[in-house]
Amino acid sequence: MTQQIQTTLPATMRAIGYTESLAIDNPQALQDLTLPLPSLKPHDLLVKISAIAANPVDYKIRLNRPASVEKPEILGWDAVGTVVATGEAVTLFQNGDQVFYAGALDRPGANSEYHAVDERLVGHKPKTLSDAEAAALPLTAITAWELLFDRLQLDQPATPSPSYRQYQQKVLLISGAAGGVGSVMVQLAKLRTDAIVIGTASRPESQNWVKALGADYVINHQLPLAEELARIGIKEVSHIASLVDTAAYYEQFIAALAPQGKLALIDDPKTALDIRPLKLKSLSLHWELMFTRSLFQTPDQQQQHQLLNEVAALVDSGQLKTTVGQQLGQINAENLRQAHALLEQGQVIGKLVLSGFAN
């Protein structure tokens, strides 16, 4: 017996996907589909989905990954639901557990009634959040956590200054702090590091959002970075997390970083980044992709299970807030097309979430 599946499960499920890459204003860009339930691998959970969130990765894949009527693509890498079946090697969960996760980029996404996901990428859902509130967190929390602590290593003690034999103050600049990843990163940085946290945001509503999340300072990324830092009395920063449009700010980031500083990014620059200007200050460049562990089946991929459980504990203790920006209604093609359209406009504050399927 390779899997334990409840006899009450249906043979088919509703899902939202696409069969060809189309502009989002085309009604066929995302379609309501009926598909068979997924089969389970040994470490898989079968999760009955109750809420999802939309992310920029969704529309980027929709526009670039081929699909067909015979093989539609199902998107969605933020999900909350209940375990209804388990693969033969599962040890971390059991039927009835409520879970939240982002999943794997090389498997079908969670925009469906049922979803198969490796247990090592899954956490127990925060008990104090609704399903929709919890769905806003997994992808962004994993990305922010890995960027802050695995890439930038901001949870490490500050390095003594050889000149003055005292600890240098860490200063973290988060560029694009009002988005989904930034909204979690600001909170985690204040909770788990001793860095001064500066967030960038341009509109009054996004600036207020970042301030409410706990940033020490908020500056406007539409103005020269050096001038904005000078305005708040900051000469240079030790770490930069660039979450959007890195290429546009790259030279300003290099100028703002202190010698031996660190720059990390998550976006896909439209032009190549010349790393040679980093040499003079001995700056380091770091990439973060939360899907790396699952794509390459790394030995430490269960770290995502553990960090999601830590995130849930921070939420349930009142230290970390959900980052829901808008709730767009039930899970269907029409509402997901709206989510993609908003994301493509690049003006979203927090996360876009959907919950429940029509009866």
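How many aromatic pairs does the count come to? In this model, which is a predicted one, the count comes to three aromatic pairs, and I would like to begin with one of them, W145 and F149, whose arrangement is edge-to-face, with 5.2 Å from centre to centre and 85° between the planes. These two residues both belong to helix α3, which covers residues 138-151, and because they are four residues apart there, about one helical turn separates W145 from F149. As for their surroundings, W145 and F149 are both buried.

Let me turn to the sheet. Six strands make up an open sheet with parallel pairing, and their order is β12-β11-β10-β13-β14-β15. The edges are taken by β12, residues 217-219, and by β15, residues 284-287, and since each of these has a single partner strand, one side of each is left without a neighbour in the sheet. From one strand to the next, the twist averages 20°. At the β12 edge, the partner is β11, residues 196-200, which runs parallel to β12 and is joined to it by three bridges; if you would like a residue to look at, I198 has Y217 in β12 as its bridge partner.

Finally, a word on the surface, where L289, L295 and F296 make a nonpolar patch of about 300 Å². Of these residues, L289 is found in the loop that lies between β15 and α8, the latter being residues 292-295. Is L289 buried, exposed or partly exposed? With a relative accessibility of 41%, L289 counts as partly exposed, because that class lies between the limits of 20% for buried and 50% for exposed.

How values were computed: Residues numbered from 1 in each chain as written. Predicted model: local features only at pLDDT ≥ 70, side-chain atom pairs only at ≥ 80, totals over all residues. Heavy atoms only, no water. Phe/Tyr/Trp six-rings, centres within 6.5 Å; stacked < 30°, edge-to-face > 60°. Buried < 20%, exposed > 50% of the residue type's maximum accessible area, 1.4 Å probe, protein only. Pairing = 2+ DSSP bridges. Axes fitted to C-alpha atoms, helices over the stretch in contact; angles between N-to-C directions. Patch = residues over 30% accessible without salt bridge, like charges linked within 9 Å, V, L, I, M, F, W, Y side chains within 5 Å. Areas by Shrake-Rupley, 256 points an atom, 1.4 Å probe, with all protein chains shown as cover. Salt bridge = Lys/Arg side-chain N within 4 Å of Asp/Glu carboxyl O.
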